[in-house]
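Student: Hi! I have a protein open on my screen and don't know where to start. Could you walk me through it?

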Amino acid sequence: MLIFFLLLPLFGIAYVCWHLWCLIPLSGLFRMLLITCLTASFGLLFLNISRFIDGLPMWLARLSYDIGSSSIFILLYLVIIFLVLDLGRLCGIVPKQILYHNFYTSTVLLISLFVIFLWGNIQYHHKQRVELSLTTEKALPKPMKLILISDLHLGYHNPRKELHRWIDLFNAENPDLVLIAGDIIDMSIRPLDEEQMHEEFKRLKAPVYACLGNHEYYSSEPAAQRFYREAGIRLLQDSMTSLGSLTIIGRDDRTNMYRKQLKDILAVGQTFIGRHYTILLDHQPYHLEEAEQNGIDFQFSGHTHYGQVWPISWITRSVYECAYGEHQRGNTQYYISSGIGIWGGKYRIGTQSEYVVLNLTEK
């Protein structure tokens, strides 16, 4: 299965390059140059994942990241477009000449891609405010406003100036608490350290609690823990804390195969768990039944990004019990966020970048 997913993009780029060679009505030299640039751009994706760019000057590392990570989405949409055209040709709907040395088809394809990804980039930069109101019969210290965020993916593509803008959005809400469900770091701690991004988190006007995500492990879990400490973020790693009659539990990410079972984390708090309102932070929304079985009141997760772009959102819906939005099992309520940041190219197509404002009150 792993080999299949590694080979699939290579088949995709071969399929797209063959179609572009047949379609573009220009000289062989120009077509070869275009295909070489497209293939090289896709190759940058593997250099990025291998962390090769950590050794490059920052401006070049950012450029490599942006080009390489954007190429995978452009490749996806080119594959979809050519598949539709090929199916149309096989069904006799699309004339063959449309796909061979056709200036008009080439122009329409270029304009379509430009419009799609320009719109996707605009959608990404527009952060949606999602308001969520929950009530409980359990006693609360007071009516509370919480900011819930996940998947910031700070790094080469989300620099400090982006984080600064997000912090301003959060502070404008005057929250009592800020809860982060993992993936604060994208793939490398280097850009966070060089831009001193931990200082931005200190601008938050409310206590911050967070759990780890899978990208904290990809970037180096010890370095991530250090960053959390420097940023003043209270890390809950298979642990919990109580703020009056509100208890927050943070699970370690499932990337750590030795993480504790939820029931074992809760065992130390059996005397008050039933009386306190409990919020669980668990980055990856697998096995949602565990929160229900252990009497959790509310679980907040991220990780899915809701696929980031259509039609990957269809895939996430088939993989997860709930890939996005509000959900309920028994007395346990859930919210799975599509995240405020993003992995890879800055495009949101059919999904949104968001932060959640949770109003929690007693009945």
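**A strand in the middle**

Tutor: Happy to! This is a predicted model. Let's start with strand E3, which is covered on both faces: Leu177, Leu179 and Ala181 are buried on one side, and Val178 and Ile180 are buried on the other.

Student: What does that say about where E3 sits?

Tutor: Five of the five residues in E3, residues 177-181, are buried, so the strand is largely enclosed by the rest of the structure.

Student: Which strands pair with E3?

Tutor: One is E2, residues 144-149, which runs parallel to E3 and is joined to it by four bridges. Another is E4, residues 208-211, also joined to E3 by four bridges and running parallel.

Student: Can you give me some residues to click on?

Tutor: Sure. Between E2 and E3, look for Leu146, which stands opposite Leu177. Between E3 and E4, Leu179 has Tyr209 as its bridge partner.

Student: And what do E2, H5 and E3 make together?

Tutor: They make a right-handed β-α-β unit, with helix H5 covering residues 160-171.

Student: What order do the strands of the sheet come in?

Tutor: The order is E1-E12-E2-E3-E4-E5, six strands in an open sheet with mixed pairing. E1 (127-136) and E5 (234-235) stand at the edges with a single partner strand each, so one side of each has no neighbour in the sheet.

Student: What holds strands together in a sheet, in general?

Tutor: Strands of a sheet pair through backbone hydrogen bonds, and the pairing can be parallel or antiparallel.

Student: Back to E1, then. How many bridges join E1 to E12?

Tutor: There are 10 bridges between E1 and E12 (residues 353-362), and the two strands run parallel. Leu132 is a good place to look, with Leu358 in E12 standing opposite.

Student: Where can I find an antiparallel pair?

Tutor: Try E10 (residues 325-329) and E11 (residues 332-336), which run antiparallel and are joined by five bridges. Glu326 is partnered there with Tyr335 in E11. E10 and E11 form a hairpin with two residues between them, and Gly330 in the turn has a positive phi of about 60°.

Student: New topic: rings! How many aromatic pairs are there?

Tutor: A search of the whole structure finds 14 aromatic pairs. One of them is Phe42 with Phe46, an edge-to-face pair with 5.5 Å centre to centre and 80° between the planes. Phe42 and Phe46 are four residues apart in helix H2, so about one helical turn separates them.

Student: Are those two buried or exposed?

Tutor: Phe42 counts as buried at 5% relative accessibility, while Phe46 is partly exposed at 39%.

Student: Got another pair for me?

Tutor: Look at Tyr77 and Phe117. Their ring centres are 5.6 Å apart and their planes are at 75°, so the pair is edge-to-face. Tyr77 lies in helix H3 (residues 58-90) and Phe117 in helix H4 (residues 103-125), so the pair ties together parts that are 40 residues apart in sequence.

Student: How accessible are Tyr77 and Phe117?

Tutor: Tyr77 is buried, with a relative accessible area of 7%. Phe117 counts as buried too, at 8%. Ring pairs also link Tyr77 and Phe117 into a cluster with Phe73, Trp343 and Tyr347.

Student: I just clicked on Ile24. Where is Ile24 found?

Tutor: Ile24 is in the loop between helix H1 (2-23) and helix H2 (28-49). At 10% relative accessibility, Ile24 counts as buried.

Student: What does Ile24 touch, leaving aside its neighbours within four places in sequence?

Tutor: Ile24 is in contact with Arg31, Leu34, His101 and Ser106.

Student: Let's zoom out. How many helices and strands does the protein have?

Tutor: There are 12 helices and 12 strands. The radius of gyration is 23 Å, close to the 21 Å that the globule rule gives for 363 residues, so the protein is as compact as a globular protein of that length. The C-alpha atoms fill a box of roughly 75 × 45 × 40 Å along the principal axes.

Student: And how much of the protein is buried?

Tutor: Buried residues make up 53% of the 363 residues. The protein exposes about 16700 Å², with carbon and sulfur atoms supplying 64% of that area.

Definitions and conventions: Residues are numbered from 1 along each chain as its sequence is written. This is a predicted model: local features need pLDDT of at least 70, side-chain atom pairs count only at pLDDT 80 or more; totals for chains, interfaces and linings use all residues. Side-chain values use heavy atoms; hydrogens and water are left out. Buried means under 20% relative accessible area, exposed over 50%, partly exposed in between (1.4 Å probe, protein chains only). Two strands pair if DSSP finds at least two bridges between them. A crossover is right-handed if, with the strands pointing away from the viewer, the path from the first strand over the helix to the second runs clockwise. Contact means heavy atoms within 4.5 Å. The radius of gyration is taken over C-alpha atoms; the globule rule is 2.2 Å times the number of residues to the power 0.38. Accessible areas come from the Shrake-Rupley method with a 1.4 Å probe; for residues, only the protein chains shown count as cover. Rings of Phe, Tyr and Trp (its six-membered ring) pair if their centres lie within 6.5 Å; planes under 30 degrees apart count as stacked, over 60 as edge-to-face and the rest as tilted.
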